[in-house]
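Open the model in a viewer and keep the selection tool at hand. The stops below go from a helix to cavities and then to strands.

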Amino acid sequence: MIIRTTICLAFLLAWVLSVAGAHAPQQMHFKNNVLPGHLTEHRIRREVTRTVRRTRHVEKLRYQQDALWLQCNIEDPRPASVIVYQMLVESPAKILSVHHGKKRAKGLPTLDQLNLSKPTTRLISESRTASDAIVHVGLGDPAQRVILQAALDVCHWPAKKLDAGHKWERALKLSGFEGTQTFEFVDLVQFKDATAARVTVFVKGRFTGALAKDYRLDKVQAVLHWSRGDRTLLKLEAQASYERLRDADPEEFQMKLDVDLARMESLDEPAQE
């Protein structure tokens, strides 16, 4: 009788613990990777749709631009930080389509005719800590540069462990923009062969300085997957919309942004040099 009661109590305790574990909140301590030699290569693709009313029709232009984003950590003599070298190499934009109303234009214009920004290459070094990592973007169109940085500069983490559902806010002040980023740790998911935290980011704010009179922001929102083990961005998807103000109808811009981790490795000390 005592043995049977003990077995029942043990079974009941195991059941209670399993139920409690199933309802326990998922937790994550977000940190940036600050190991010297940590190297990542991301592929960035942005697709832009510009809509503007002409005299006889509404013109809709779609183009895309790819970029290669390399980051490498180098040892820093200061404690709890590394020097990260970031290189962003943009490819020329590619015109996807032009529509006049519902009719597709017969010939595609050149990049010069559309006054699209030339591709740029940028190499910058910055200090990086476990809680803060600044992201730099290309030097092209100033309004798109603001949008890209608002969507990509997201590696700024609270110092404590977070439960799923936790939200936090960060002031965002850029050259030509002031606003806030609101983050939410949604949950932990399986992403390919890694456990990843899924985080949403919503940006609110306004263009400032020379951009204030010409541009108005509608929204920037992103979903990112952050590797729990490697402390690295695995994927980011973002959407943004904004307007360029004109005397008549404004030019409307829609941007879709995709960032994917293509390569990750650890370099030994000689390779870092």
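Begin with α3 and select Ala 143, Gln 144, Val 146, Ile 147, Leu 148, Gln 149, Ala 150, Ala 151 and Leu 152, which are buried (under 20% relative accessible area, with exposed over 50% and partly exposed in between, for a 1.4 Å probe and protein chains only). That makes nine of the 11 residues of α3, a mostly covered helix. Helices (H or I, at least four residues) and strands (E, at least two) are DSSP runs, numbered from the N terminus.

This is a predicted model, in which local features need pLDDT of at least 70 and side-chain atom pairs count only at pLDDT 80 or more, while totals for chains, interfaces and linings use all residues. Residues are numbered from 1 along each chain as its sequence is written, and side-chain values use heavy atoms, with hydrogens and water left out.

Now go to the start of α3 and show Asp 141: one of its side-chain oxygens comes within 3.1 Å of the backbone nitrogen of Ala 143.

Next, select Ile 44, Arg 46, Ala 67, Leu 88 and Leu 148. Of the 13 residues lining the second largest cavity, these are the closest to its centre. A cavity is a set of points on a 1 Å grid over the protein atoms alone where a 1.4 Å probe fits but cannot get out, and lining residues have an atom within 4 Å of a point. The volume here is about 80 Å³, taken as the space filled by probe spheres set on the points, which are joined across faces, edges and corners. At least two lining residues come from each of β2, β3, β4 (81–90) and α3 (142–152); β3 gives the largest share, four.

The structure holds four cavities of 30 Å³ or more, and the largest has a volume of about 150 Å³. To find it, select Gln 71, Arg 128, Trp 226, Thr 232 and Leu 233, the closest to its centre among 15 lining residues. Two or more lining residues come from each of β2 (38–53) and β3 (58–75), with the largest share, three residues, from β2.

Finish with the strands. Select 177–191 and 194–207: β10 and β11 pair antiparallel over 14 bridges (strands pair if DSSP finds at least two bridges between them). Phe 183 has Val 201 in β11 as its bridge partner. Two residues separate the strands of this hairpin, and Lys 192 in the turn has a positive phi of about 55 degrees. Then add 215–227, strand β12, which pairs antiparallel with β11 over eight bridges. There, Ser 227 is the bridge partner of Ala 196.

Notes
1 Å grid on protein atoms, 1.4 Å probe; cavity = no way out; pocket = protein on both sides within 12 Å on 5 of 7 lines; lining within 4 Å. Polar contact = N/O pair within 3.5 Å; in protein donor to acceptor, adjacent residues only side chain to side chain.
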